[in-house]
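Please walk me through this protein from its aromatic side chains to its interior. Plain paragraphs will do.

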Amino acid sequence: MEKRLKYKSLLEQFPDCPPNDYSEIGLEAFRWVHDMAKHDNDFKPNHLIKSPPERKFDDSDYMCKGNGLSFHDKFSSSLFIYKYWYNKGNLKRKKIFIEDKGDCIAALNLNLTDGIASLPDKDNYGHFTFHEYDSVDLKSKIIDILPIFAADGKFIN
């Protein structure tokens, strides 16, 4: 079976996308999702959901990453960064953030046969960009979905 990247025709529009140093990885990974990962956009690259800002059109590295999926290598890192971005907004922006990004964190088992990724960046809280293979359904890789908010609307610990 040929390992063809999902969105290959889109990725080919940018030089060195994905970069040559991306490789197949196998690890437990964490991604922001909506409750029960039922939302159509939970495993869709950001730039397929909405257009990138015009000022970024010439930045092929940014464009390539925006056509991949963001993950963290630890639940605690994923939650920390979610809280950081969420708390930057006012009440209206916080609501929009939840609508866009989700209210849960999915734990997934990524295997070497699922796609290629950058190495988790320890200087960026273990964030990495993942490009999945065409035949992969990441929803089937979910092993747990953990809420970000408690019943009272406050963050979980």
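A residue counts as buried under 20% relative accessible area, as exposed over 50%, and as partly exposed in between. The model shown here is predicted. Tryptophan 85 has a relative accessibility of 45%, so it is partly exposed. Tyrosine 84, at a relative accessible area of 40%, is partly exposed as well.

Two other aromatic residues belong to helix H4, which spans residues 75-86: tyrosine 82 and tyrosine 86. They are four residues apart, about one turn of the helix. An α-helix has 3.6 residues a turn, so residues three or four places apart point the same way. The rings of tyrosine 82 and tyrosine 86 form a stacked pair, with 6.2 Å from centre to centre and 15° between the planes. Both tyrosine 82 and tyrosine 86 are buried. The rings of tyrosine 84 and tryptophan 85 are arranged edge-to-face, because their planes stand at 85° with the centres 5.0 Å apart; the cut-off for that class is over 60 degrees.

Across the whole structure there are 15 aromatic pairs. One aromatic cluster takes in Tyr82 and Tyr86 together with Trp32, Phe97, Phe149 and Phe155.

The interior comes next. The largest nonpolar core has 24 residues, and those touching the most other members are Ile25, Phe71, Leu108, Leu110, Phe128, Phe130 and Leu138. Two or more residues of this core come from each of strand S2 (27-33), helix H3 (60-66), strand S3 (69-72), strand S4 (104-110), strand S5 (115-117) and strand S6 (127-132). The biggest contribution is that of S4, with four residues. Another core, of eleven residues, lies apart from this one and includes Phe30, Trp32, Ile81 and Phe97.

Helix H5, residues 91-101, has a cap at its N-terminal end. The cap is asparagine 90, which places a side-chain oxygen 3.1 Å from the backbone nitrogen of lysine 92. Just after H5, glycine 102 adopts a positive phi of about 110°.

What remains is the empty space inside. The structure holds one cavity of 30 Å³ or more, and the largest cavity has a volume of about 50 Å³. Its lining consists of Lys6, Tyr7, Pro45, Asn67, Gly68, Leu69, Phe130, His131 and Glu132. S6 supplies the largest share of that lining, three residues. Sorted by class, the lining has four nonpolar, three polar and two charged residues. Phe130 thus appears in two settings: among the residues of the largest core that touch the most other members, and in the lining of the largest cavity.

Note on methods
Residues numbered from 1 in each chain as written. Predicted model: local features only at pLDDT ≥ 70, side-chain atom pairs only at ≥ 80, totals over all residues. Heavy atoms only, no water. Core = buried A, V, L, I, M, F, W, Y, C linked by side-chain atoms within 4.5 Å. Buried < 20%, exposed > 50% of the residue type's maximum accessible area, 1.4 Å probe, protein only. Polar contact = N/O pair within 3.5 Å; in protein donor to acceptor, adjacent residues only side chain to side chain. 1 Å grid on protein atoms, 1.4 Å probe; cavity = no way out; pocket = protein on both sides within 12 Å on 5 of 7 lines; lining within 4 Å. Points joined across faces, edges and corners; volume = space filled by probe spheres on them. Nonpolar A, V, L, I, M, F, W, Y, C, P; charged D, E, K, R; others polar. Phe/Tyr/Trp six-rings, centres within 6.5 Å; stacked < 30°, edge-to-face > 60°.
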